[in-house]
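Reader: I have a model open and would like to learn how to read its features one at a time. Could you walk me through some of them?

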Amino acid sequence: MFHSVLSHFASVQACWDKVPATFNEVVEGVAAALALTGSSISLVLDEGRENTTVVTADSAQLGRCERDFPAGRRISRSACAGRLADATQSAAWPPLASQVCRTPTPAGPKPDFFPGASLRSQVLAHTLRITVKPLLGVWAQWPSPLWPAGLIDHAARIVPPLRGVGRHRVRLGNCDAELIDAGNTGAATVVLYLHGGGFLTCGLNTHRRLVSRISASAGAVVLSVGYRMMPRHPIRDAIADGVDGYRWLLVHGFEAEKIVIAGDSAGGYLTFMTALTLADLDLPRPAGLVALSPLTDMDPAGKLAHPGADRCPVFPRSVLTTFAGLPDQGAHHGTTGEPRISPVDGILAGLPPVLIQVGSTEMLYPDAELMAERLAAAGVPITLEVWDRQVHVFQAAADLIPEADHAIRQIGSFIRTATTARTLHSDRADETAAWRVSAPSACHVMHTTPVRMPVRRLG
């Protein structure tokens, strides 16, 4: 430890002379270089090797000399106008899915980069690298349906919920869901949450603590959807369950401009595909989208070719190749369904504001970057946050690492902004502690009866 501290001091002294006079000069200098070269921020992260010092004035810790200095602590995004070209139409399901574009896109918006990885986050990354990553490598070699993927969510039932969080079971048309309330009963804002897990595992139990924290941070209730998963159901069924969850919220009195759709990993994929399907069905547009470490491109080529593909502490390369080859089978027919569609290939113009958070060394970092580029090209307001060396869906580790708590506060801020940008706060005092509830198994029924919904308070 003492040797490490001495090394930090030596590094700081060695690079001090290389730092421009002000922090603004650092930002402006790198930004100017990017403008001249037309390079994306990923090139700066991967190839930039200029040592500089990051000094955090509000902490008592020693600032360390960053090896790969980002273009400023928080570079604001830029949105490019226009739509993606060469979009075509066909009869594949969902109809929007075939409106694809694989034409080159211009450099995307510059991300908000959050430098520095705490010691606890580094320990977490190392732990995952020597435990979860090898296990996933074994699964990639033998991806048998006999793997007890469902046990993960079942085992997560023993994880205690956050104190004071209420939850209520909801039955959608084809799956279960759960209303999570971290003290926001009667709030006008609601989040439709779609969990991650590679479309194969996890569920309401594994993500309850993360969803509860988002509820508390955003001042919103959350409808967490336990959608149908592979191998018994094709991915299109999961998208349909997301749409059912959105319809349920509309039926039960929530206004579209107060609804934000969010998800992590595979749930990030479902977040975008659900929003695109809503547009295709002429349903009202939600207020915003939040995607945490999202899967946005089903083609693994771009991820495997990325220079940082081997640095991911969670996923080995073999997982992407194996997942791409998994059959997307129907639940009852046992036949391969329609080709998988990537959100990056959809017609994105018209989507609401989007927040994407991703770790800089994640296997899915290229997906987040590509999606941000496509959204910006389509004229969609996009905030891309890149968190230095954070693991896949690090937000779920808020009990362990400070970066996760910070990221969740960013999510809450985005949700509050998105749901107040177009409308004033609605007056729902008469609906406090009351919900509009219809038949529990018929989320599509448009006639509702106002009743009080009991919310079981936990902790």
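Reader: What is the sign of phi at Asp 282, the residue after helix 9?

Author: Phi of Asp 282, which follows helix 9, is positive, near 60°. Helices here are DSSP runs of H or I with at least four residues, strands are runs of E with at least two, and both are numbered from the N terminus. Keep in mind that this is a predicted model: local features need pLDDT of at least 70, side-chain atom pairs count only at pLDDT 80 or more, and totals for chains, interfaces and linings use all residues. Residues are numbered from 1 along each chain as its sequence is written, and side-chain values use heavy atoms, with hydrogens and water left out.

Reader: How many residues of helix 9 are buried?

Author: Buried means under 20% relative accessible area, exposed over 50% and partly exposed in between, with a 1.4 Å probe and protein chains only. In helix 9, 13 of the 15 residues are buried, so the helix is mostly covered.

Reader: And what span should helix 9 have?

Author: The expected span is 1.5 Å times one less than the number of residues. Helix 9 covers residues 266-280, so its 15 residues should span 21 Å. The end C-alpha atoms are 21 Å apart, which agrees.

Reader: Where does Cys 202 lie, and is it buried or exposed?

Author: Cys 202 is in the loop between strand 6 (190-194) and helix 7 (208-218). Its phi is near 70°, a positive value in a residue other than glycine. Cys 202 counts as buried because its relative accessible area is 18%.

Reader: How many disulfides are there?

Author: A disulfide is a pair of cysteine sulfur atoms within 2.5 Å. By this rule the count is zero.

Reader: Which peptide bond is cis?

Author: The bond joining Met 230 and Pro 231 is cis, with omega about 0°. Pro 231 sits in the loop between strand 7 (221-226) and helix 8 (235-251).

Reader: How many aromatic pairs are there?

Author: A pair of aromatic rings is described by the distance of the centres and the angle of the planes. Rings of Phe, Tyr and Trp (its six-membered ring) pair if their centres lie within 6.5 Å; planes under 30 degrees apart count as stacked, over 60 as edge-to-face and the rest as tilted. The count is four aromatic pairs. One of them is the stacked pair of Phe 114 and Trp 387, at 4.0 Å centre to centre and 0° between the planes. This pair links distant parts of the chain, with Phe 114 in strand 3 and Trp 387 in strand 11, 273 residues apart. Both Phe 114 and Trp 387 are buried.
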